[in-house]
Every structure is written in C-alpha cells, then in structure tokens.
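Visitor: I am new to this structure and would like to go through it step by step. Please show it first.

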Amino acid sequence: MALVTTKEMFKKAYEGKYAIGAFNINNMEIVQGVINAAKANNSAVILQCSTSAIKFAGIKYLKALVDAAIADTGVDVALHLDHGPNMEAIKECIDNGFTSVMIDGSHYSFEENIKVTKEVVEYAHARGVVVEAELGVLAGVEDEVSSDKHIYTDPDQAVEFVKATGCDSLAIAIGTSHGAFKFPPDFKPQLRFDILEEIQQRLPGYPIVLHGASAVDPAVVAECNKYGGKIADAKGIPVEMLRKAASMAVCKINMDTDLRLGLTAGIRKTFGEDPACFDPRKYMASGRSSIEAIVDSKIKNVLGSVDSMK
C-alpha cells in the first residue's frame, strides 16, 4: 500500500498482541520472497538493511527494489536501517528514503549511548523518520555486529533511556543472540520474560524490539546439510518463546539468519537434484520460494500478524 514509518504499525501491534516481522534484505529474490508472504497473509512488514547489505548491493539498488515491491503489494512496508553504527550511516539512509533507522550505541557507556541516540532522534524526527535504539548487549555474530558477552537490559536504565532520548522503540537484551550458532548444543534457551514484563509495566504502550530472534529451524539446517552444507550445531530461539514475547510489548522481531539459511537450502537443493543446472533463474527461484515459505510460517506461528492490514 505504502512506504510508511513503523509508528502506526507498532501501535496496532501492541494493541493486537502481535509483532511485525523485520526481515533483512540483500537482493531481489529475498525482497520478493518476503513481500509475497506478507501479501498472502495481508500482513504489514519491515524490510531492513544492514550496513553490510548496503555495501554489497548499493543503497539505491536496495531502495529501488523496495519501491518496486510496494508498487506490487497491498500491504504497508517500512524500510529500516539495521544496526546503524554512526550518524554518517543514518544520514545516508534518511537521504535515500528510509522511513526508520536504528542507532546502535549498545557498545558505548550508558551516558554516551544516551547522547548519541538523542542526536540521531533530533536529526531523524526533524525529517519524519522514526528511531530505534538499543540498550543491553547480545552475544553472537551477525554481519559487522559481534560480541562474546551478553548483558541483560536493566529496566531502570530502560525507563531513563527512553525518557532521555525520545527514541520511538527500544531493542533490549533478554536472552536472544545473533547468528546461527546462538547457543551450545546442550544449552536450553531461556528468555528473561521478567525483564520484558517489568519494562512493559513501567513503559506502558511502548514498543520493544527483539534482535537475534531467528528460530534456526532444524529442518532447514538439515536441508542445507543434506545437499552438501556443513552447518553443525546451529541453534535458535524456540518459536513458542518468540510468540509469547510478541503477545507482550515486543512489536518488532528481527529475523535474518533464518532467511540466509532458507535461501541457501533452496539453492543447494536445486544443485543437488540437478548438478547440471547453471540457470540462475532456476536456482534463485528455488531460494525465493524457500524464503517465502519461511516468512509465511513466521507471520502465522511467531508474529501473529496475519490480517494486520485490516
């Protein structure tokens, strides 16, 4: 329907006890797979780009793909910068038509994070763009974001941070982790719903974001490995935990690793079944179909955002 900010999306999601999916895009087939699933489920969606994706594909190419997707669908789409490292990256995205940006100051001190985030908020809001910030640290590796430690978000600091910066949404650390190898094989993932609940009580109506929230479906990993992949011990967040978070204050759930695995599984399957194939339209179409199926499942079973456009 339109390229929009996340403001109204999150308001409806909070009230409806569901979340909007934020899916990282790198090329045309990923955009098409995500949009096809969103359209089939009448669900609003967030397409987001990391700085690595922008370096890979070019910001104007990515924006053009999103524009084409919007023209071909009846759902609202937000275009978001994921893990913006500095004001330079923020300005580039805003100047190129992004409707939402994230400033990741989680590696700074609390005071410096507030200062940097406040500067971004002032710049973005003056141009009609919304801002996501982050408080707490997620372990794991994804693109240029990495940490070997996990620091849970402090609810007292979350309240102070939101009031001091005016950010529109806040990514918090409650036990999710970046990448495909989030936990040791024998580790049982647990999300700190007590932290989420306290923040929700103290910031009523305020949208919370979960990063590192791919489920890392064992069946998709197995499909990759069946056709020559070597992805051992990949482990993600249980679907039921993500759905519970989406029914609380979490209005945006980031999923990148699941799409990477899905695209890879689809392409590997094509090459495994047809080793003579060298037509990119055939193997990329397989990857696109895999992504569409994954996003369809996320919308129905994790996010709960079916018919969110009503």
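Visitor: How many bridges join β2 to β3?
Guide: This is a predicted model. In it, β2 and β3 run parallel. One bridge pairs Phe23 with Leu47 of β3. The number of bridges that join β2 to β3 is three.

Visitor: Which hand does the unit of β2, α2 and β3 have?
Guide: The strands β2 and β3 are parallel. Together with helix α2 they make a β-α-β unit, and its hand is right-handed.

Visitor: How many residues of β3 are buried?
Guide: Val45, Leu47 and Cys49 point one way from β3, while Ile46, Gln48 and Ser50 point the other way. Residues on both of these sides are buried. The strand is therefore largely enclosed by the rest of the structure, and the count of buried residues is six of the six.

Visitor: Which residue of β4 is the bridge partner of Val45?
Guide: β3 pairs with β4 as well as with β2. The pairing of β3 and β4 is in the parallel sense and runs over six bridges. In β4, the bridge partner of Val45 is Val77.

Visitor: What distance does helix α2 reach from its first C-alpha to its last?
Guide: Helix α2 covers residues 28-40, which is 13 residues. At 1.5 Å a residue, the expected span is 18 Å. The helix comes close to that expectation, with a reach of 18 Å.

Visitor: Which elements are among those that cover the buried residues of α2?
Guide: The buried residues of α2 include Ile30, Val34 and Ala37. Their cover includes the strands β2, β3 and β4. It also includes the helices α4, α11 and α12.

Visitor: Which residue has a side-chain oxygen that reaches to the backbone nitrogen of Glu29?
Guide: Glu29 is one of the buried residues of α2. The contact is at the start of α2, where the oxygen comes within 3.4 Å of that nitrogen. The residue that supplies the oxygen is Asn27.

Visitor: What phi does Asn42 take?
Guide: Asn42 comes just after α2. Its phi is positive, with a value of about 50 degrees.

Visitor: What separates the C-alpha atoms of Thr73 and Asn42?
Guide: Thr73 lies in the loop between α4 and β4, and it counts as buried at 9% relative accessibility. Thr73 and Asn42 are 31 residues apart along the chain. The separation of their C-alpha atoms is 9.4 Å.

Visitor: Which backbone nitrogen lies 3.5 Å from a polar atom of the Thr73 side chain?
Guide: Thr73 is in the loop between α4 and β4. The partner of its side chain is the backbone nitrogen of Val75.

Visitor: Why does Thr6 count as buried?
Guide: Thr6 lies in the loop between β1 and α1. Leaving aside neighbours within four places in sequence, Thr6 is in contact with Ile46, Ala78, Ser100 and Val130. Buried means under 20% relative accessible area. Thr6 counts as buried because its relative accessibility is 5%.

Visitor: Which residue has a side chain joined to that of His83 by a polar contact of 2.8 Å?
Guide: In an unreviewed entry, UniProt places the feature "binding site" at His83, His178 and His211. His83 lies in strand β4 and is buried, with a relative accessible area of 10%. The side chain that shares the polar contact with His83 belongs to Asp104.

Visitor: What is the largest C-alpha distance for Asp104 and Glu134?
Guide: The UniProt annotation "binding site", from an unreviewed entry, covers Asp104 and Glu134. They are spread over 31 residues of sequence, yet they cluster in space, and the largest C-alpha distance is 5.6 Å.

Visitor: Which residues does Asp104 touch, not counting those up to four places away in sequence?
Guide: Asp104 is in the loop between β5 and α6. At 7% relative accessibility, Asp104 counts as buried. The residues it touches are His83, Gly84 and Glu134.

Visitor: What is the relative accessible area of Glu134?
Guide: Glu134 is found in strand β6. Its contacts beyond four places in sequence include His83, Asp104, Phe161 and Leu170. Glu134 is buried, and its relative accessible area is 2%.

How values were computed:
Residues numbered from 1 in each chain as written. Predicted model: local features only at pLDDT ≥ 70, side-chain atom pairs only at ≥ 80, totals over all residues. Heavy atoms only, no water. UniProt positions renumbered as here; feature names shortened; annotations may be inferred. Helix = DSSP H or I, 4+ residues; strand = E, 2+ residues; numbered from the N terminus. Buried < 20%, exposed > 50% of the residue type's maximum accessible area, 1.4 Å probe, protein only. Polar contact = N/O pair within 3.5 Å; in protein donor to acceptor, adjacent residues only side chain to side chain. Expected span 1.5 Å × (residues − 1). Contact = heavy atoms within 4.5 Å. Pairing = 2+ DSSP bridges. Right-handed = clockwise from strand over helix to strand, strands pointing away.
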